[in-house]
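Me: I'd like to learn how to read a protein model. Could you take me through it feature by feature?

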Amino acid sequence: MSSTELPETRTAAAPATSHARAVRVAEGEELRSVALPGLTLTVRARPGDTPGLAPALYVHGLGGSSQNWSALMPLLSDLVDGEAVDLPGFGDSPPPDDGNYSVTGHARAVIRLLDSAGRGPVHLIGNSLGGAVSTRVAAVRPDLVKTLTLVSPALPELRAQRTAWPTALLALPGVAPLFSRLTRDWTPEQRVRGVLSLCYGDPGRVTDEGLLHAVEEMERRLELPYFWDAMARSSRGIVDAYTLGGQHGLWRQAERVLAPTLLVYGGRDQLVSYRMARKAAAAFRGSRLLTLPDAGHVAMMEYPETVAQAVRELIEDTEHAARAADTKRTTDDSCGS
């Protein structure tokens with residue numbers, strides 16, 4: 001672990017887990033459980049079409065899960081061997097033993113996963129909270145990241161959009177239990193439609209089948225005794241990360257990222273302001289920027305083909321540059337001998 005990582009912090013232990021209904025696994029996907037010190041992570045794998053492809057890791061956002069990448073992963077399976085992680089307390093991963101849902105805690109979980117599997121360096125792809133987590137991973141452990149793709153990353157904004165305030169309010173003590181009580185009569189479908197209206201540029205792009213799957217997943221999550229706790233603590237983790245300064249600040253860490261970076265921003269994003277695209281492009285050195293005027297907060301779900309093409313170009317260009325550099329080094333060594 002890099003010395004630049006924040007010191008480990010311990011918070012109150014999370015509630016005990018319970019056995020909820022099984023999560024959905026799409027055709028071509030595989031689920032496995034990875035036991036690590038202090039936490040257990042569920043990993044959704046989309047194996048590459050051929051053996052030996054470069055590894056990729058996908059990291060979801062607040063309230064999401066590895067299923068958020070099910071539309072994108074098959075579009076890149078000819079190029080990478082893909083895995084998507086359920087962050088602690090989300091998807092099918094139980095809460096961490098120490099109850100630490102900070103951005104650093106989630107980043108530590110990703111680092112432990114990569115170290116345990118020996119999969120690095122990977123093509124790291126993150127959305128929202130997962131984008132902040134991936135930024136921190138790339139900054140403190142550059143050896144683990146070959147390329148970095150950030151879809152609407154949750155990086156600090158001085159003036160957040162009003163539509164993003166409810167997420168920040170979840171971080172306040174007592175708000176999550178209060179919201180849970182106030183919405184106890186909402187049906188899972190009502191909750192899902194509310195999430196879609198907030199996260200999609202055009203909720204009408206969601207198919208009937210996609211809506212059905214989302215409602216089933218919402219029903220499953222509401223059965224988890226730690227659902228609201230994980231949401232509240234992770235929201236608090238984002239707010240806390242926004243207030244950090246110095247070398248631990250996310251913008252400072254963005255400037256230290258060495259991996260070739262792709263930034264994806266949606267013009268109709270109600271959670272991460274579209275105006276942050278220019279600042280991010282300036283912070284991540286040599287980055288490339290994809291802006292989608294009609295996309296919301298989850299462009300990889302709304303416009304998977306467009307996002308996949310941009311990721312493909314980043315990876316192929318990076319690999320081409322690496323091969324060219326290797327050829328040059330070999331040539332230089334031969335001439336110098």
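Reply: Let's start with an idea we'll need right away: a polar contact is a pair of N or O atoms within 3.5 Å, where one must be able to donate a hydrogen and the other to accept it. Keep in mind too that this is a predicted model. Now look at R44 and S66: their side chains are joined by a polar contact of 2.8 Å.

Me: Where does R44 sit? And is R44 buried or exposed?

Reply: You'll find R44 in strand 2, which covers residues 39–46. For the second part you need a cut-off: buried means under 20% relative accessible area, and exposed means over 50%. R44 has 1% relative accessibility, so it counts as buried.

Me: Okay, what about the whole chain? How many helices and strands are in the protein chain?

Reply: The protein chain has 11 helices and eight strands. Its length is 337 residues, and 51% of them count as buried. The accessible surface is about 15200 Å², with 54% of that belonging to carbon and sulfur atoms. You can also ask how far along the sequence the contacts reach: take those between residues at least 6 apart, and 77% of them join residues at least 24 apart.

Me: Now helix packing. At what angle do helix 5 and helix 6 pack?

Reply: The idea here is to compare the directions of the two axes, and angles from 65 to 115 degrees count as roughly perpendicular. Helix 5 (residues 188–199) and helix 6 (residues 208–222) pack at about 115°, and their axes are 9 Å apart. That's why the two helices are described as roughly perpendicular to each other. Their crossing is right-handed.

Me: Which residues of helix 5 and helix 6 meet?

Reply: On the helix 5 side, they include P188, V192 and L196, and on the helix 6 side they include L211, V215 and M218. Just ahead of helix 5, in the loop that follows helix 4 (175–182), lies T187. T187 has a relative accessible area of 37%, so it is partly exposed. Its C-alpha atom is 9.2 Å from that of V215, although the two residues are 28 apart along the chain.

Me: Staying in helix 6, which residues is E217 in contact with, leaving aside its neighbours within four places in sequence?

Reply: Those are V23 and Q67. E217 lies in helix 6, and at 8% relative accessibility it counts as buried.

Me: Last topic: the backbone. What should I look for there?

Reply: Look for exceptions to the usual pattern. Most residues other than glycine have a negative phi, and most peptide bonds are trans. Here, S128 isn't a glycine, yet its phi is positive, about 55°. S152 also has a positive phi, near 45°.

Me: Where do I find S128 and S152?

Reply: S128 is in the loop between strand 5 and helix 2 (129–140). S152 is in the loop between strand 6 (145–151) and helix 3 (165–169). S128 counts as buried because its relative accessible area is 10%, and S152 is buried too, at 0% relative accessibility.

Me: And which residues does a cis peptide bond join?

Reply: G120 and P121, with omega at about 0°. To spot P121, go to the loop between helix 1 (103–117) and strand 5 (122–127).

Key. Residues numbered from 1 in each chain as written. Predicted model: local features only at pLDDT ≥ 70, side-chain atom pairs only at ≥ 80, totals over all residues. Heavy atoms only, no water. Helix = DSSP H or I, 4+ residues; strand = E, 2+ residues; numbered from the N terminus. Buried < 20%, exposed > 50% of the residue type's maximum accessible area, 1.4 Å probe, protein only. Contact = heavy atoms within 4.5 Å. Areas by Shrake-Rupley, 256 points an atom, 1.4 Å probe, with all protein chains shown as cover. Axes fitted to C-alpha atoms, helices over the stretch in contact; angles between N-to-C directions. Parallel < 35°, antiparallel > 145°, perpendicular 65-115°, else oblique. Left-handed = near helix turned anticlockwise from the far one by under 90°.
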